[in-house]
Amino acid sequence: MKKKWWHGKVAYQIYPKSFMDSNGDGIGDLKGILSKLDYLKELGVDILWLSPIYQSPFVDQGYDISDYYKIAEEFGTMEEFDELLKEAKKRDMYLVMDLVVNHCSDQHEWFQKALADPEGEYADYFYFVKGKDGKAPSNYRSYFGGSTWEAVPGTDKYYLHMFAKEQPDLNWENPKLRQEIYKMVNWWLDKGLAGFRIDAIINIKKDLNFPSFEPDGEDGLAACTKMVEEVDGIGDFLEELKEETFARHDAFTVGEVFNMKEDELQEFIGDHGHFSTMFDFSGHMLTEGKHGWYDSKPVDFKEWRDALFASQENIQNAGCFEANIIENHDEPRGASRFLPHYAQNESGKKMLATTSILLRGLPFLYQGQEIGMVNCERTDISEYDDISTKDQYQVALDAGLTKEKAIQVCNTHSRDNARTPMQWSDEAQAGFTTGTPWLAVNPNYPKINVAEQEKREDSVLSYYKKLIALRKSDAYVETLTYGTFIPAYQEEEGIFSYLRKSEENGQTILIAANYGKEPKTLRLPGRCQKALLSNLGREKECEQEIREQGTLTLGSCESEVLLL
Ligand code: GLC
Ligand code: CA
């Protein structure tokens with residue numbers, strides 16, 4: 001595997017709407033982000049991914065773009081963006097934006113022109129397809145529920161939308177459209193952007209026959225992912241995109257890729273892959289329900305750990321390097337999801353941080369993860385904003401769940417769990433805004449907030465700083481970046497443990513955590529030179545036990561990082 005500048009870095013996702021509001025309108029903005037750059041620098045992160053900040057009607061929170069060249073007024077101005085870019089650079093930080101090009105907004109000029117002239121040039125920027133027997137061309141269910149087809153007024157045609165009907169899919173078969181996209185991508189890269197996180201990209205290749213599939217739900221529809229999984233040929237689009245844009249700027253790219261074919265890892269992120277890297281969602285996919293959130297499975301520790309391990313080995317064997325997350329803006333909070341109830345405390349959160357951040361790959365933190373923000377309990381669907389949550393609530397009701405049960409499902413799975421405002425302090429609205437936030441703050445902010453944790457040496461935040469510093473330290477960065485991942489103590493119940501072993505310098509680092517309820521004693525293979533980091537501050541005790549007995553005893557929710 002060729003070494004790249006970004007391999008040894010740590011990335012952080014900002015959800016701009018909920019990060020920091022500078023003008024009291026209740027919406028996070030660029031100036032807010034600017035005011036927190038030093039905070040992020042001190043945390044130790046290098047690469048900042050901004051969820052979409054382009055002009056948008058915000059039907060899907062900015063993932064519906066109406067002008068790719070404009071900053072949303074809510075977020076600020078292009079001058080402020082340039083300033084942010086400059087200030088990030090000054091701090092040796094890299095700015096990465098979201099690239100949403102599977103679809104745009106129905107308010108985009110292209111789509112408006114297409115509607116105005118459904119036989120004209122711009123209709124071909126989208127999929128305007130004739131219906132079959134007076135019905136939609138196929139029976140696909142969109143990601144947000146309902147058909148993927150919407151009638152084009154005044155015609156016998158339908159347009160395709162894999163997501164909301166306000167997010168028409170762009171026709172990648174059209175070379176003109178592709179050129180428009182490349183021009184736009186280059187325009188941003190020319191500004192000095194480090195690269196992109198690439199949204200929903202697997203969906204850009206369509207089977208132009210749009211075959212229907214066996215219905216898989218009560219609604220008589222079939223998941224649109226069926227078509228995505230069966231069609232071939234996405235590689236040509238992705239290669240062209242790369243050659244025309246990213247490759248020319250040596251840009252960093254991280255793909256949001258679900259439903260990839262198994263043998264395509266190399267093609268996607270090998271040394272000459274379409275992208276620099278992509279997210280490893282293997283832990284998140286596990287719990288997915290067959291019909292919706294309501295029938296998803298709870299996380300089983302062993303299954304989760306083994307899925308991550310299998311993925312680590314698979315990626316490593318392929319000579320690839322993926323990006324690791326525990327949460328993002330589409331997922332519930334990792335601490336609420338992956339930690340058993342008895343572990344949902346500061347020790348548990350530090351343990352989860354340890355086992356995740358030291359995996360092989362590029363760690364991505366999501367805002368608030370570093371202070372251990374958790375899911376937000378709501379009692380009524382009106383408290384939710386997210387389009388997908390509203391759909392899933394209805395899906396749950398349609399499946400026969402009571403209102404109370406359906407809300408519980410949303411409380412566990414909603415994307416709004418991660419979208420509540422960042423908790424900066426115990427002041428009103430968590431210090432996020434002086435006005436009324438667009439989405440209510442989690443009421444636990446007096447307890448969980450940055451200001452309080454900054455003051456406390458044993459806080460989750462302080463621990464994240466140490467952990468990131470360890471990962472990037474001169475002494476261990478080689479091993480923790482490139483060291484081989486080797487599973488350890490897999491047969492021990494509740495234990496999440498692995499080695500990182502460097503061919504380069506001979507170092508071996510053991511990461512061991514006890515997700516179980518009871519203490520566990522592990523026999524170590526040999527001596528230990530040093531305990532590098534303990535989530536309970538037990539470095540010295542561990543060293544002593546290992547020296548005297550050759551064992552390591554981990555209490556419940558304890559994690560240790562040892563240099564063997
Ligand atoms: C991606 C985004 C998600 C968005 C969807 C449609 O999955 O992460 O937030 O709703 O694409 O753009
Ligand atoms: Ca604002």
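Donors, as the term is used here, are N, O and S atoms within 3.2 Å of the metal when that metal is Ca. The model is predicted.

**Calcium site**

Five residues coordinate the calcium ion (ligand 2): Asp21, Asn23, Asp25, Ile27 and Asp29. Ile27 contributes its O atom, and Asn23 its OD1. Asp21, Asp25 and Asp29 each bind through OD. The distances run from 2.3 to 2.4 Å. Along the chain, the donors of this ion follow the spacing D-x1-N-x1-D-x1-I-x1-D.

Are the coordinating residues Asn23 and Asp25 buried or exposed? Asn23 has 51% relative accessibility, so it counts as exposed, because the cut-off for exposed is over 50%. Asp25 has a relative accessible area of 36% and is therefore partly exposed.

**Ligand 1 site**

Which residues are closest to ligand 1? They are Asp60, Asp199, Glu256, His329 and Asp330, out of 13 that surround the ligand. By class, the shell has 7 charged, 4 nonpolar and 2 polar residues.

Polar side-chain atoms of Asp199, Glu256 and Arg415 pair with oxygen atoms of ligand 1 as follows.

| Residue | Partner | Distance |
|---|---|---|
| Asp199 | oxygen atom of ligand 1 | 2.8 Å |
| Glu256 | oxygen atom of ligand 1 | 2.7 Å |
| Arg415 | oxygen atom of ligand 1 | 3.0 Å |

How much of the accessible area of ligand 1 does the protein cover? On its own, ligand 1 has 310 Å² of accessible area, and the protein covers 95% of that.

How values were computed: Residues are numbered from 1 along each chain as its sequence is written. Chains are lettered from A and ligands numbered from 1 in the order in which they are written. This is a predicted model: local features need pLDDT of at least 70, side-chain atom pairs count only at pLDDT 80 or more; totals for chains, interfaces and linings use all residues. Side-chain values use heavy atoms; hydrogens and water are left out. Donors are N, O and S atoms within 2.8 Å of the metal (3.2 Å for Na, K and Ca); water is not among the atoms, so sites may look incomplete. Buried means under 20% relative accessible area, exposed over 50%, partly exposed in between (1.4 Å probe, protein chains only). A residue is near a molecule or strand if one of its heavy atoms lies within 4 Å of it. A polar contact is a pair of N or O atoms within 3.5 Å; within protein, one must be able to donate a hydrogen and the other to accept it, and residues adjacent in sequence count only if both atoms are side-chain atoms. Accessible areas come from the Shrake-Rupley method with a 1.4 Å probe; for residues, only the protein chains shown count as cover. Ala, Val, Leu, Ile, Met, Phe, Trp, Tyr, Cys and Pro count as nonpolar, Asp, Glu, Lys and Arg as charged, and the others, Gly among them, as polar.
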